[in-house]
Amino acid sequence: MARDDYRKFDELLDLIQDMCRPIGGMSYNDIMERLNCSRKTVERIINFLSERFPDSFEKTSDPINPKIQRFRLDSPDGLPPEYLTDDEMLALNAAVKRIKNETINKPLSSLEYKLNRIIGMKKGVRQMNDLEGAILSRTSVVRPYPHIEIDAEIMHTLQYAVLSGHQVQIKYNSADGDLKKYTLCPVGFLYGNSNNYLLAYKDTVSGNVCEFILSRITSLKIKKDHFNASKFDINSYVSESFGAYHSEHGKYDVVWHVSKNAAPAACRYTFHESQKIIKHNDGSLTIKMKCDGLWEMAWYLFQWRGEIVPIAPQELVNVYSDFLHRATESLKYSK
């Protein structure tokens, strides 16, 4: 094989990798520019890929200009595992270990597991490069959990809008039962224990970011209007709350009391990046943090079966007490 043939082969592999990345796929013009080739050459490449990866090849219309065709590969099994480098997998593994926030850590852990499945057990163990990696690659699974199904087409379009910086118009079933219309500048997604949210500005990139429950979006239309939300930092946004939900109040000064029995287990947790742990002579703990998300916090504390209880703010105590009261009242109907 000639040197130029090797170069063309490398370019084709690079193109396959690129077609697996973008949410919206690649157009004829994108590929022509990428390979510096003619339209006829691109057509032959597209025909080859559609025949080589029939179960992974996707052909769609551009959301803004339906006359433009876009092509995408949904991670074909034939993708060489060498395209996932040691450095990339080690960086992902480090991110999983460093990021303690569950809303980010959970999808990252899922991604790491799926990638290790793709590159194969032996390569995955070698890239993890330690005994812990070998054990995890053989035993880790994404835990099943109750969840609400989200329309795949709506999610696909929203992902494209977030990446491309396009405004969208949505119809939304609000909590009061009314169907409302919004024009949004979508900037990201936030995954919680009970609901998953679209993060977006209303109308323009100004004011506060709002949260919209993804399963309540009944329809949407992507607009030609662009926006620039480069100043929005999703990591800073996530760090403000204990869970996914952000209230209008903002951060609270939170205080928990941890019993002596639960103290050893609680010390192994990072509940929030702002937490401070105070140890007492009787073996109990006081945990202080500054964050929002009282409803999810109270719900989480129930998992500790009274071993960790809220002390402040009073709003958190009230929510916890209300949950406890409702649960106790509901037991009357089971007798």
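Me: How do the residues of the lining of the second largest pocket divide into nonpolar, polar and charged?
Reply: This is a predicted model. In it, the second largest pocket has a lining of 21 residues. By class, that lining divides into 9 nonpolar, 7 polar and 5 charged.

Me: Which residues lie nearest the centre of the second largest pocket?
Reply: The volume of this pocket is about 650 Å³. Of its 21 lining residues, five are named as nearest the centre: Glu211, Tyr245, His246, Ser247 and Glu248.

Me: Which element gives the largest share of the lining of the second largest pocket?
Reply: Two elements, β7 (210-213) and α11, each supply at least two residues. The largest share is 3 residues, and it comes from β7.

Me: How do the axes of α11 and α12 cross: parallel or oblique?
Reply: Two packed helices are described by the angle and the distance between their axes. Here α11 covers residues 294-301 and α12 covers residues 314-330. Their axes come within 9 Å and cross at roughly 50°. An angle from 35 to 65 degrees falls outside the parallel and perpendicular ranges, so α11 and α12 are oblique to each other.

Me: Is the crossing of α11 and α12 left-handed or right-handed?
Reply: The axes of the two helices come within 9 Å. As α11 passes α12, the crossing is right-handed.

Me: Which residues in α12 meet α11?
Reply: From α11, the contact takes in Leu294, Trp295, Met297, Ala298, Trp299 and Leu301. By class, the contact has 10 nonpolar, no polar and 1 charged residues. On the α12 side, the residues are Glu315, Leu316, Val319, Tyr320 and Phe323.

Me: Which residues line the second largest cavity?
Reply: The whole structure holds 2 cavities of 30 Å³ or more. The second largest has about 50 Å³ of space. Its lining divides into 3 nonpolar, 2 polar and 1 charged. Those residues are Asn193, Ser194, Trp295, Glu296, Trp299 and Tyr300.

Me: Which residues does a cis peptide bond join?
Reply: Look at the loop between β12 (308-312) and α12, the place of Pro313. Omega is about 0° at the cis bond. The bond joins Ala312 and Pro313.

Me: What is phi of Asn36?
Reply: Asn36 sits in the loop between α2 (28-35) and α3 (39-52). Its phi is positive, in a residue other than glycine. The value is near 55°.

Key. Residues are numbered from 1 along each chain as its sequence is written. This is a predicted model: local features need pLDDT of at least 70, side-chain atom pairs count only at pLDDT 80 or more; totals for chains, interfaces and linings use all residues. Side-chain values use heavy atoms; hydrogens and water are left out. Axes are lines fitted to C-alpha atoms, for helices over the stretch in contact, and angles run from 0 to 180 degrees between N-to-C directions. Helices (H or I, at least four residues) and strands (E, at least two) are DSSP runs, numbered from the N terminus. Angles under 35 degrees count as roughly parallel, over 145 as roughly antiparallel, 65 to 115 as roughly perpendicular and the rest as oblique. A crossing is left-handed if the near helix is turned anticlockwise from the far one by less than a right angle, and right-handed if clockwise. Contact means heavy atoms within 4.5 Å. Ala, Val, Leu, Ile, Met, Phe, Trp, Tyr, Cys and Pro count as nonpolar, Asp, Glu, Lys and Arg as charged, and the others, Gly among them, as polar. On a 1 Å grid over the protein atoms alone, a cavity is a set of points where a 1.4 Å probe fits but cannot get out, and a pocket is an open set with protein on both sides within 12 Å along at least five of seven lines; lining residues have an atom within 4 Å of a point. Grid points are joined across faces, edges and corners, and a volume is the space filled by probe spheres set on the points.
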